[in-house]
Amino acid sequence: MSEEVAPSVEDTKMPEQDGLKEKADECSSSPAAKDSEGSCREAVEAKSVQLQKEQSPTDKVKSTTVDINTLTPSTPSHTPPQLLATETAATAPVIPDNILSPPKSETQTDETNTATSTSCSPASDGQHSPVGEQPPPRPTLKPKPKPKQEQQEETSAVNGSIPKSGKPLATALSNKKLNKSASTSPRASRSRKPKALPMYESEISDNKVGIKLCIKKSDGVAGGDSTPSAASPPVPVPAATKPARKRVRKPKQPDSDESECEPRKKKVSTSSAAEAVEGDAVEQSVWAERLPAEVLFRIFEHVIEKDGCLPTLFRLGRVCSLWRRVSLTPSLWHTMDLTTWIKEKYRTELKLKWFVDNRCSACTELNVSNWKISDVSINCFLTKLAAGCPNLTGITLSGWKGFTSDNLTYLVDNMKKLERLDLSSINLEMNASKTAVGMISLCNALQTIGSRLTHLHLAHNRLAGIPQIVGVLSAHCPNLELLDLSNVTTQATSHGVLHIEKLQHGCQKLKVLRVTNSHITPSTAGMQEIMDSPGFPNLEELSVAATTDESRIICDDHLQRLLKSSSKLKLLDVRNCTRLTHESLIRLPAWDIKHLYLSGCSVTRDVGSGLELIASKWAHSLIELDLAWANVQQPIDNALRALAEKGSECPLAHLNLCGSSVSDEAVKEILKNCANMSSINLASCRGLPRGVKRLMQGAQQLRELREVLGVQLKDSRSSGSN
């Protein structure tokens with residue numbers, strides 16, 4: 001009886017399960033439903049759980065048998081379905097449908113297996129044969145080999161313990177969720193994609209210059225037999241390998257191989273690029289090569305007279321071979337300033353010797369101050385200079401600390417045409433016996449040069465025996481034109497006495513005398529000696545400015561003795577000479593002074609009309625005037641008005657009123673009448689409004705100053721009215 005009841009139970013329950021399987025097949029096979037496969041599968045699972053609760057144990061066994069036959073591809077068997085189900089239930093564990101479902105990434109691979117097993121099973125047709133009826137023989141199908149990853153997942157699912165209720169364990173559900181998230185998230189898809197064997201493909205760039213081989217790594221599997229997953233999106237294969245860290249700054253073009261194969265191009269300077277463009281565009285004419293060398297030499301002479309030899313000759317020699325040949329003419333290299341145009345790092349002994357051997361054969365003026373020359377190399381340099389520069393007339397050796405008395409003696413004995421000698425900043429410390437500016441060595445050298453000497457610079461030295469030096473100059477150097485004793489210190493007060501009358505008798509051609517900020521005191525003289533002194537009739541520049549310590553050295557008597565016959569004086573610097581008065585300045589024989597510096601002088605503090613008289617005397621010739629820190633308003637305002645009265649005839653260009661008590665009305669008069677103004681210093685002027693208390697330079701700033709103060713030049717205003 002039990003065998004007869006079994007078909008009836010199977011006939012009643014199997015249609016419902018067949019409907020569920022058809023629904024599951026539709027969900028898995030439909031393309032539109034593949035995206036929502038998870039929701040569809042959950043609905044099927046819920047329905048199957050409900051049916052399992054309603055079934056009897058015998059029905060569960062039968063339904064389980066159908067599921068196994070349906071989902072597992074196997075060889076056909078002639079055993080009846082009922083006996084096969086009983087044997088399977090006794091030997092194999094009950095496996096729910098949801099655990100055997102393949103992951104999303106393998107749906108396409110298992111569709112053929114599922115379809116084959118469904119068509120071969122009795123439950124897939126919806127009709128079940130009665131007990132004892134054998135199905136027709138079916139062809140044996142050889143299962144396809146599965147990837148290792150799929151086999152591992154199935155093994156882990158089958159070996160798990162299944163509860164009696166038919167629901168999967170939490171571990172199985174978590175594994176399923178992990179597989180689902182791994183297949184959907186882009187990061188997981190990249191991290192869990194199957195490892196591919198490296199394949200290398202060669203790509204040849206399109207560069208026309210040469211062929212460069214770029215090798216990159218692809219993601220294909222060796223042999224090309226693997227089929228990509230249909231559910232997961234294809235992972236894009238990069239066109240080239242990841243660039244190096246040092247090339248991150250350079251913008252890389254997408255899908256470009258040349259950007260990685262070609263090396264980074266070097267930066268091309270603007271000058272070289274311009275030269276390349278010009279060379280490629282138009283060919284230059286040959287007029288420079290056809291120009292006669294004599295004419296080109298004359299042109300170079302005029303250019304050098306205006307701009308100097310360096311760096312003009314270096315630049316001219318780069319034009320063409322003819323210009324270089326003419327620029328190397330020795331007579332053009334007559335004045336060489338190797339300090340201004342040679343960088344400090346190149347001022348070496350070898351470079352200096354090269355210049356002497358190759359460029360100084362006709363040199364007459366040489367400036368080699370502050371060159372790095374050792375004591376041993378000085379003798380070699382002087383030997384080469386004496387042999388290679390026979391026409392040298394002037395040399396500047398400022399800053400040569402190792403220049404000794406023997407070197408000076410060799411120089412003046414072998415340079416027979418030497419006229420100008422600069423020995424500044426040689427001995428800054430205590431006077432040494434072997435230094436070149438010692439009293440004995442210097443006096444001997446001056447006697448050797450004699451009447452040839454025209455310029456002597458002894459500034460920034462610690463000297464001894466200034467009276468003896470001045471005595472030798474007045475006795476043996478009648479053609480002396482410049483004497484610079486600025487910033488000279490002495491060992492004792494007696495060593496710094498300057499005999500004015502003795503120097504005037506011996507050096508009548510003196511044009512420049514600088515005793516600025518020096519420990520030098522003019523000597524005392526009798527009335528008869530002062531009357532017999534001829535003075536300095538050719539003197540054009542006198543600088544006796546002093547600091548606070550020496551501010552009381554120069555007085556009116558000294559100034560009168562120095563300038564008694566200096567009618568050609570152009571520059572007078574008496575800053576910080578507190579003992580000078582306006583009377584001595586007004587009595588000076590000079591009528592065409594162009595540069596007058598009165599800052600800190602007692603003249604600027606007088607209440608009288610002395611400053612106005614000084615400005616009126618030289619208003620027609622003054623180009624630069626320094627009245628800084630004049631603390632009395634009325635005298636300085638009157639002086640500026642006296643300058644402004646000249647109008648367009650006033651050549652005043654530079655005016656220093658820093659820290660003075662000048663009023664804005666006086667400044668307006670200057671800005672209104674002096675058309676040649678190029679700079680005015682109004683810093684710290686207490687009587688001026690805010691916004692103008694600073695140094696104004698240039699035509700633009702002066703124009704803005706006039707607009708702020710509301711003034712206008714007379715010339716422009718008159719031209720506008722016309």
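**View 1. Asn407 in helix α17 of the predicted model.** Asn407 lies in helix α17 (helices are DSSP runs of H or I with at least four residues, strands are runs of E with at least two, both numbered from the N terminus). Asn407 has a relative accessible area of 6% and is therefore buried (under 20% relative accessible area, 1.4 Å probe, protein chains only). Its side chain forms a polar contact of 2.9 Å with the side chain of Thr404 (a pair of N or O atoms within 3.5 Å, one able to donate a hydrogen and the other to accept it; residues adjacent in sequence count only if both atoms are side-chain atoms). Leaving aside residues up to four places away in sequence, Asn407 touches Ile378, Asn379, Leu382 and Gly402 (contact: heavy atoms within 4.5 Å).

**View 2. Helix α18 and its cover.** Buried residues in α18 (439-449) are Ser441, Leu442, Cys443, Ala445, Leu446 and Ile449. Their cover includes α17 (405-414), β6 (420-422), β7 (455-457) and α19 (466-476). Gly450, just after α18, has a positive phi of about 70 degrees.

**View 3. The largest cavity.** Its volume is about 130 Å³ (the space filled by probe spheres set on grid points joined across faces, edges and corners). A cavity is a set of points on a 1 Å grid, over the protein atoms alone, where a 1.4 Å probe fits but cannot get out; lining residues have an atom within 4 Å of a point. Of the 15 lining residues, Val515, Ile520, Val544, Ile553 and Ile554 are closest to the centre.

**Notes.** Residues are numbered from 1 along each chain as its sequence is written. In this predicted model, local features need pLDDT of at least 70 and side-chain atom pairs pLDDT 80 or more, while totals for chains, interfaces and linings use all residues, and side-chain values use heavy atoms, without hydrogens and water.

Technical notes
Buried means under 20% relative accessible area, exposed over 50%, partly exposed in between (1.4 Å probe, protein chains only). On a 1 Å grid over the protein atoms alone, a cavity is a set of points where a 1.4 Å probe fits but cannot get out, and a pocket is an open set with protein on both sides within 12 Å along at least five of seven lines; lining residues have an atom within 4 Å of a point.
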